Amino acid sequence: MSLGEIVQFLEESSYKKEIDELAISETGIQLVEHAVNRNFRRAIEKLRRISSPELRFVISIYLWRNDVQNIKTLLRAKRSGEKAERVANLIIPGTMQKTELL
């Protein structure tokens, strides 16, 4: 599949809302990546709303892994002197609130 075919396939599936929202400002692989990340964030938020407190804790632990990955990415970027614009694209969108693990 070409990149255009992938975008079209995603637009015809449950990613339609995200593709439509981001198509104005994004193109190519960034459109696909940001749409998938935004859809992931919305799915996690929905899971949190419908889950029991115990399951919300498990979801929070899972998302904490993304936060750790983001910290590692930021530290590597800082050490290598990467530009802020490039680093912003490498960050995995988080949905964790500060007090969830406390």
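## Salt bridges in the model

A salt bridge is a side-chain nitrogen of Lys or Arg lying within 4 Å of a carboxyl oxygen of Asp or Glu. By this criterion the structure, which is a predicted model, holds four salt bridges. Three of these contacts are described below, followed by a nonpolar surface patch.

## A pair within helix 2

Lys16 and Asp20 are joined through their side chains in a salt bridge, with an N to O distance of 3.0 Å. Both residues belong to helix 2, which spans residues 16-22. They stand four residues apart, about one turn of the helix.

Neither partner reaches the cut-off for an exposed residue, which is over 50% relative accessible area. Lys16 has a relative accessible area of 42% and is therefore partly exposed. Asp20, at 34% relative accessibility, likewise counts as partly exposed.

## Contacts between helix 2 and helix 3

Glu18 forms a salt bridge with Arg42, and the closest N and O atoms of the pair are 3.2 Å apart. Because Glu18 lies in helix 2 and Arg42 in helix 3 (residues 28-50), this pair ties together parts that are 24 residues apart in sequence. The accessibilities of the partners fall into separate classes: Glu18 counts as buried at 3% relative accessibility, whereas Arg42 counts as partly exposed at 28%. The boundary that matters here is 20%, since buried means a relative accessible area under that value.

The side chains of Glu21 and Arg38 also meet in a salt bridge, at 2.8 Å from N to O. This pair links distant parts of the chain, with Glu21 in helix 2 and Arg38 in helix 3, 17 residues apart. Glu21 is partly exposed at 32% relative accessibility, and Arg38 is partly exposed with a relative accessible area of 25%.

## The salt-bridge network

The two interhelical pairs do not stand in isolation: Glu18, Glu21, Arg38 and Arg42 are linked in a network of salt bridges. Of its members, Glu18 and Glu21 are in helix 2, while Arg38 and Arg42 are in helix 3.

## A nonpolar surface patch

On the surface, Leu55, Phe57, Val58 and Ile61 form a nonpolar patch. Together these four residues present about 370 Å² of accessible area.

One member of the patch, Ile61, lies in helix 4, which covers residues 53-80. Ile61 has a relative accessibility of 38% and so counts as partly exposed. That value is consistent with its place in the patch, because patch members must have over 30% relative accessible area.

Conventions:
Residues are numbered from 1 along each chain as its sequence is written. This is a predicted model: local features need pLDDT of at least 70, side-chain atom pairs count only at pLDDT 80 or more; totals for chains, interfaces and linings use all residues. Side-chain values use heavy atoms; hydrogens and water are left out. Patches are made of residues with over 30% relative accessible area and no salt bridge: like charges are joined within 9 Å, nonpolar side chains (Val, Leu, Ile, Met, Phe, Trp, Tyr) within 5 Å. Accessible areas come from the Shrake-Rupley method with a 1.4 Å probe; for residues, only the protein chains shown count as cover. Helices (H or I, at least four residues) and strands (E, at least two) are DSSP runs, numbered from the N terminus. Buried means under 20% relative accessible area, exposed over 50%, partly exposed in between (1.4 Å probe, protein chains only).
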